[in-house]
Amino acid sequence: MRLFIALLALACAASSSAESHWCYEIQAKEPNSICQGPDLWPGSCQNKNYQSPIDIDTDEAEVDINLKPFTFTGYDQKKTWLVLNDKHSVKILLSDGIYIAGGDLPARYKAEQLHLHWSQEENMGSEHSIDGQHFAMEMHIVHRKETSSADAENSEDKIAVLAFMVEVGNQVNEGFQPLVEALSSISKPNTNTTMEESSLWDMLPKKEKLVHYFRYLGSLTTPECDETVIWTVFQDPIKLHKDQFLEFSKELYYDQEQKLNMKDNVRPLQQLGDRQVFKSRAPGQLPSLPLMALVVPTLTCLVVSFLQ
Ligand SMILES: *[C@@H]1O[C@H](CO)[C@@H](O)[C@H](O)[C@H]1NC(C)=O
Ligand SMILES: [Zn+2]
């Protein structure tokens, strides 16, 4: 009898942990769904002040001259990456030797993984929006702060995520083909495969374009939504062919039975609250005040001497 009760307790524990598993709204809405949609996500996801994603109002973003270009290390490494369907997204596991620094980050950050968020619609699949506009997809490259001391474990800048918007067009993005071609091998959750050889640069916009970005402090966009993320949202989007974009929602599934296509894996927008969003200074913008202080008298002198 005791054994029976113990087994029953075990079974209950197992089923309640399955019940309490988090999921996206589209999954929570399914008939007979028992998963927890975004309104019920655990941990810091509820009632916190520095959550992500947010809408970025470009007029409200303040120029920060410290937001200089990043230094990318190992982004050119060509590898046959392991890519997996982790039940919530498609994720590429990155190997050692890939880092970012600069961009006003407080340390060097080591790349861990890359994943995406998407919809079947071209204006719904990004987590962040820019001036109220969502994009077709959003790609996140997740990096962890390099630190020797354990006390930094809970710091607010433990993670740096580079976020790229994805726009749909009519040109094939060859750099994305290795990932797109791998999707049909990982339709079911918790499966993995290796991609044809490629580098991170193959998947990104041209390096020169990566000087334009937005910066704010926020959270992970999946449970437990830890408020430990330095967000960098690049202005220039990645461009995919429509067919490449549609492969994600067509080939990938949330469930083992392949009933629910993986799409709309997007957390709803969160309040900005009292946070400030910053932006890097674009070339061609007015020089900063100290420089103006030099330029204006010089020009005045020139004009005056010309008039004499
Ligand atoms: C990839 O799949 C294999 C076999 O299905 C499994 O043994 C392995 O643990 C998986 N790797 C990862 C990182 O999920
Ligand atoms: Zn993400």
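Does His140 count as buried or exposed, and at what relative accessibility? In this predicted model, His140 has a relative accessibility of 2% and therefore counts as buried, the limit being under 20%.

**Zinc site**

His140 is one of the residues that coordinate the zinc ion (ligand 2). The donor atoms are NE2 of His115, NE2 of His117 and ND1 of His140, at 2.0 to 2.1 Å from the metal. Along the sequence, the donor residues follow the spacing H-x1-H-x22-H. The pair His117 and His140 links distant parts of the chain: the two residues are 23 residues apart, with His117 in strand β7 and His140 in strand β9. His117 also has a relative accessible area of 2%, which is under 20%, so this residue is buried.

| Donor residue | Strand | Strand residues |
|---|---|---|
| His117 | β7 | residues 109–118 |
| His140 | β9 | residues 137–145 |

**Helix α5**

Strands β7 and β9 also take part in the packing of helix α5. This helix spans residues 242–251, and its buried residues are Gln244, Phe245, Glu247, Phe248, Ser249 and Glu251. Besides β7 and β9, the buried residues of α5 pack against β5 (90–93), β10 (159–169), α3 (177–182) and β14 (238–241).

**Ligand 1**

Which residues are around ligand 1? They are Leu82, Leu93 and Asn192. Asn192 places a polar side-chain atom 2.4 Å from an oxygen atom of ligand 1. On its own, ligand 1 has 360 Å² of accessible area, and the protein covers 27% of that area.

Methods: Residues are numbered from 1 along each chain as its sequence is written. Chains are lettered from A and ligands numbered from 1 in the order in which they are written. This is a predicted model: local features need pLDDT of at least 70, side-chain atom pairs count only at pLDDT 80 or more; totals for chains, interfaces and linings use all residues. Side-chain values use heavy atoms; hydrogens and water are left out. Donors are N, O and S atoms within 2.8 Å of the metal (3.2 Å for Na, K and Ca); water is not among the atoms, so sites may look incomplete. Helices (H or I, at least four residues) and strands (E, at least two) are DSSP runs, numbered from the N terminus. Buried means under 20% relative accessible area, exposed over 50%, partly exposed in between (1.4 Å probe, protein chains only). A residue is near a molecule or strand if one of its heavy atoms lies within 4 Å of it. A polar contact is a pair of N or O atoms within 3.5 Å; within protein, one must be able to donate a hydrogen and the other to accept it, and residues adjacent in sequence count only if both atoms are side-chain atoms. Accessible areas come from the Shrake-Rupley method with a 1.4 Å probe; for residues, only the protein chains shown count as cover. Contact means heavy atoms within 4.5 Å.
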